[in-house]
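Here is a protein to explore, with its sequence and its 3D structure side by side. Keep the viewer open and turn it as you read.

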Amino acid sequence: MSDIFTSIPRIRYEGSGSKNPLAFKYYDADRVIMGKKMKEHLPFAMAWWHNLCASGVDMFGSGTTDKSFGSTLGTMEQARAKVDAGFEFMEKLGIEYFCFHDVDLVPEADDINETNRRLDEISDYILEKMRGTNIKCLWGTANMFGNPRFMNGAGSTNSVDVYCFAAAQIKKALELTVKLGGRGYVFWGGREGYETLLNTDVKFEQENIAALMHMAVDYGRSIGFTGDFYIEPKPKEPMKHQYDYDAATAIGFLRQYGLDKDFKLNIEANHATLAGHTFQHDLRISAINGMLGSVDANQGDLLLGWDTDEFPFNIYETTMCMYEVLKAGGLTGGFNFDAKTRRPSNTPEDMFYGYILGMDSFALGLIKAAQLIEDGRLDAFVKDRYSSFEGDLGHKIRSGEATLEELAAHASKLRRPASPGSGRQEYLESLVNSVLFGA
Ligand code: XUL
Ligand code: CO
C-alpha cells in the first residue's frame with residue numbers, strides 16, 4: 001500500500017453505535033444476509049473519474065480540491081499517482097472493484113496513437129498494482145462526450161470521421177477492459193441525442209448507434225470479452241434529449257436492433273429521477289425484462305433539475321433498490337459509486353466520508369430489504385391483490401385463450417363488478433416504516 005492518505009486508517013466495521021467518523025456503522029463485509037455475505041451482495045466499485053479526477057470544477061468556479069496526489073497535473077506521473085491513490089483508497093475501504101473511462105486513466109494527447117500508447121503504459125501499471133490484491137475491474141468505458149470532436153455525438157454524429165474516432169476509442173477501451181479482467185463494458189450515451197430536431201435525423205442516428213454497438217459486441221467477443229455490455233440510460237444532460245431516455249426506452253432500442261442478448265442495463269439512481277421515475281422503477285423495469293445488470297449508486301437532489309451525483313444517504317431509496325436487487329437474484333455487475341463529494345467537501349477525509357456514507361447506506365438498505373422480504377407481508381399483499389385472476393377465467397386470460405366475446409358475456413351476466421379492493425397504500429407505507437424504524 002502506498003502512503004498518500006497517511007492520516008486515514010483502514011476503515012473497519014464498528015457497529016451502529018460507533019461515533020468514529022472513519023468507521024462503518026452498517027457495512028460488515030462478512031455478515032451473512034439471506035445466505036450470502038454482505039460483500040457478495042454488494043460488489044462495490046470506485047469510480048475513477050469522480051474520486052481520482054474531479055476537483056470540484058463547476059459552471060461557476062474552478063476546482064476546490066487538489067487531486068494532484070503530490071505530482072504535476074496532466075502528466076503521466078500524475079496518472080501513476082492516481083493509480084497509487086486509487087489502490088490505497090480501495091484497500092483502506094475494502095472495495096474490490098473499480099470502473100473507468102479511457103481518459104480518466106491518462107491525459108489525452110492530440111494524436112490518438114499517443115493516447116493509446118499512454119493507455120498501454122498505465123494499464124500495465126494497474127495490472128501490476130492489482131497483483132496480490134483482491135481488486136478487480138467492474139467495467140470499463142470510453143469517454144465519447146468530453147472531447148470537442150463529440151459535440152454532435154459519437155455514434156450519433158453527422159461526421160463519418162468522428163464516428164471512426166468513437167469506434168477507435170471503443171476498441172481500445174474494450175481491449176483495456178479485457179486486459180484488466182472487467183466484468184462489463186458500459187455505453188452511456190452522453191451526447192447521443194439532440195439539441196433540436198430541426199437539424200437531426202433521429203432514425204439515421206439511432207441506426208448508426210446500433211451499428212456501432214454491434215461492432216463493439218463482435219470485436220469484444222473476438223478478443224475474449226465474455227461479460228455483459230450495458231446501456232446506462234439517462235434522459236437528458238448534457239443534451240436536451242438523449243435516446244437512452246430510461247430503462248424502458250433502452251430495452252425497446254436493444255430489442256429493435258437485436259442487441260438484447262449481449263446487453264443489460266446499468267441503472268443510475270440520479271438518471272432515473274431525472275427521467276421522472278423513482279430509482280426503484282427503473283430497477284424494476286430492468287429486472288422484469290431480465291436486463292438488470294449493474295447499478296450506478298448515487299443520489300440526486302429533487303430540488304435541482306440536474307445530475308448532482310451525490311453519495312447515497314436516502315435509506316428508503318437504498319432499501320427499495322436492494323429489495324429489487326434481492327428479488328432479481330443479485331446483479332451480474334456491481335454497485336459503482338458514480339458519486340462525488342460536494343464542492344466544499346474538499347479534503348481527503350471527505351473522499352472517505354463519501355464512500356463510508358454510500359457503503360453504509362447500501363448495507364443498511366440491504367439489511368432492511370431482507371427484513372421486508374422475510375417479513376412477507378408486502379409479497380402476500382401483492383399476491384392477494386391479483387388473486388381474482390386465480391380462477392378459471394383468469395387462467396384463460398393469462399394463457400391467451402380468452403376471447404373478447406366471452407369476457408363481455410361474463411360482464412353482462414354480472415351487470416356490474418364488485419369493488420376491486422383497496423390498494424392500501426398508506427397501510428403498506430406504514431408497514432415499510434415499521435420495518436425500517438421498528439425496534
Ligand atoms: C454521467 C454518467 C457517466 C457514466 C459513464 O451522467 O453517469 O459517468 O456512468 O460514462
Ligand atoms: Co453513471
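Find L303 in the loop between β13 and helix α11 (315–327). Keep in mind that what you're looking at is a predicted model. Is L303 buried or exposed? L303 counts as exposed because its relative accessible area is 78%, and exposed means over 50%. L303 also has company: together with L304 and W306, L303 makes a nonpolar surface patch of about 350 Å².

Now step back along the chain into β13 itself. Here the picture is one of cover: five of the five residues in β13 are buried. On one side, β13 pairs with strand β12 in the parallel sense, over four bridges. To see one of the contacts, look for L265, whose bridge partner in β13 is L292. The strand β13 also pairs with β14 (residues 335–337), again in the parallel sense, this time over two bridges. There, D296 has N336 in β14 as its bridge partner.

Hold on to D296, as it takes us to the metal. Which residues hold the cobalt ion (ligand 2)? The protein donors are E232, E268, D296 and D338, and they lie 2.0 to 2.1 Å from the cobalt ion. Along the chain, these donors follow the spacing E-x35-E-x27-D-x41-D. Take E268 and D296, for example: E268 sits in strand β12 (residues 263–268) and D296 in strand β13 (residues 292–296), so this pair links distant parts of the chain, 28 residues apart. Both residues are tucked away from the surface. E268 has a relative accessible area of 2%, so E268 is buried, and D296 is buried too, because its relative accessibility is 0%.

What geometry does the cobalt site have? The site is octahedral, with six donor atoms and angles of 81 to 171 degrees among them. For comparison, the ideal angles for six octahedral donors are 90 or 180 degrees.

Next, jump to another strand, β8 (residues 184–187). G184 and V186 point one way from β8, while Y185 and F187 point the other way, and all of these are buried. That fits a general rule: in a regular strand, side chains alternate between the two faces of the sheet. The neighbour to look for is strand β7 (residues 136–141), which runs parallel to β8 and is joined to it by two bridges. In this pairing, W139 stands opposite G184.

Let's finish with charges. How many salt bridges does a search of the whole structure find? The search finds 25. One of them joins K92 and E88, with the closest N and O atoms 2.9 Å apart. Because K92 and E88 are four residues apart in helix α3 (residues 76–93), about one helical turn separates them. Both K92 and E88 are buried.

Other salt bridges reach across the chain. D124 and K179 meet in one, at 2.8 Å from N to O. This pair links helix α5 (residues 112–130), home of D124, to helix α6 (residues 160–179), home of K179, and the two residues are 55 apart in the chain. D124 is partly exposed, with a relative accessible area of 43%, and K179 is partly exposed as well, at 29%. In another example, D262 and R221 meet at 3.0 Å. D262 lies in the loop between α8 (247–256) and β12, whereas R221 belongs to helix α7 (residues 202–222), 41 residues away. Finally, salt bridges with shared partners join E114, R117, R118 and E121 into one network.

Notes: Residues are numbered from 1 along each chain as its sequence is written. Chains are lettered from A and ligands numbered from 1 in the order in which they are written. This is a predicted model: local features need pLDDT of at least 70, side-chain atom pairs count only at pLDDT 80 or more; totals for chains, interfaces and linings use all residues. Side-chain values use heavy atoms; hydrogens and water are left out. Donors are N, O and S atoms within 2.8 Å of the metal (3.2 Å for Na, K and Ca); water is not among the atoms, so sites may look incomplete. Four donors count as tetrahedral if all angles lie between 85 and 135 degrees; four count as square planar and six as octahedral if opposite donors are over 155 degrees apart and all others between 65 and 115; anything else is irregular. Buried means under 20% relative accessible area, exposed over 50%, partly exposed in between (1.4 Å probe, protein chains only). Patches are made of residues with over 30% relative accessible area and no salt bridge: like charges are joined within 9 Å, nonpolar side chains (Val, Leu, Ile, Met, Phe, Trp, Tyr) within 5 Å. Accessible areas come from the Shrake-Rupley method with a 1.4 Å probe; for residues, only the protein chains shown count as cover. A salt bridge is a side-chain nitrogen of Lys or Arg within 4 Å of a carboxyl oxygen of Asp or Glu. Two strands pair if DSSP finds at least two bridges between them.
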